[in-house]
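Got the model open? Let's take a walk through it, with charges, cysteines and a pocket as our stops.

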Amino acid sequence: EQGGVCAKSGHKLKFEECAGDHIIPRSAGIDNGGVTEMHNLQVIHRYHNTKKGAMTDEQYRIKSKVAA
């Protein structure tokens, strides 16, 4: 669905660079949207997944100045 690109950087990904990511982390809890459902999942580069940790997309965007 993402066309083989990182949801954070927009760069084309090789399979071995891919990581599944929760847009709202599971640690936020179900009541706060941290669910494992398609609308809350994305593929990002392993680098971004490691750096993002338990942050939401918005928190990560602000911290890292990533445009995507």
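What follows is a short tour of the salt bridges, then the cysteines, then the largest pocket.

Keep in mind as you look around that this is a predicted model.

Let's begin with the charged side chains. A search of the whole structure turns up 4 salt bridges. One of them pairs lysine 8 with aspartate 57, and the closest N and O atoms there sit 3.1 Å apart. That pair ties together distant parts of the chain: lysine 8 belongs to the segment before S1, aspartate 57 to helix H2 (residues 57-64), and 49 residues separate them. Both lysine 8 and aspartate 57 are buried.

Now find aspartate 21 and lysine 52, whose side chains meet in a salt bridge at 2.8 Å, N to O. Here too distant parts of the chain are linked, with aspartate 21 in strand S1 and lysine 52 in helix H1 (residues 46-52), 31 residues apart. Aspartate 21 is buried, and lysine 52 is buried as well.

Lysine 52 has another partner: it forms a salt bridge with aspartate 57, the closest N and O atoms being 3.2 Å apart. Why do both ends of this bridge count as buried? Lysine 52 does because its relative accessibility is 1%, and aspartate 57 does because its value is 17%, with the cut-off for buried being under 20%. Put the pieces together and you get a network of salt bridges linking Lys8, Asp21, Lys52 and Asp57.

On to the cysteines. How many disulfides does the structure hold? The count is 0. Take cysteine 6: the closest cysteine sulfur is the one in cysteine 18, and at 8.7 Å it is too far away for a bond, because a disulfide needs the two sulfurs within 2.5 Å. The surroundings of these residues can be read off too. Cysteine 6 is buried, with a relative accessible area of 2%, whereas cysteine 18 counts as partly exposed at 31% relative accessibility.

Last stop, the largest pocket, which offers about 160 Å³ of space. Its lining is made up of Glu1, Gln2, Gly20, Asp21, Met38, Leu41, Gln42 and Val43. You'll recognise Asp21 in that list as a member of the salt-bridge network. Strand S1 (18-22) and strand S2 (41-45) each supply at least two of the lining residues, and S2 gives the most, with 3. Sorted by class, the lining has 3 nonpolar, 3 polar and 2 charged residues.

Technical notes
Residues numbered from 1 in each chain as written. Predicted model: local features only at pLDDT ≥ 70, side-chain atom pairs only at ≥ 80, totals over all residues. Heavy atoms only, no water. Buried < 20%, exposed > 50% of the residue type's maximum accessible area, 1.4 Å probe, protein only. 1 Å grid on protein atoms, 1.4 Å probe; cavity = no way out; pocket = protein on both sides within 12 Å on 5 of 7 lines; lining within 4 Å. Points joined across faces, edges and corners; volume = space filled by probe spheres on them. Helix = DSSP H or I, 4+ residues; strand = E, 2+ residues; numbered from the N terminus. Nonpolar A, V, L, I, M, F, W, Y, C, P; charged D, E, K, R; others polar.
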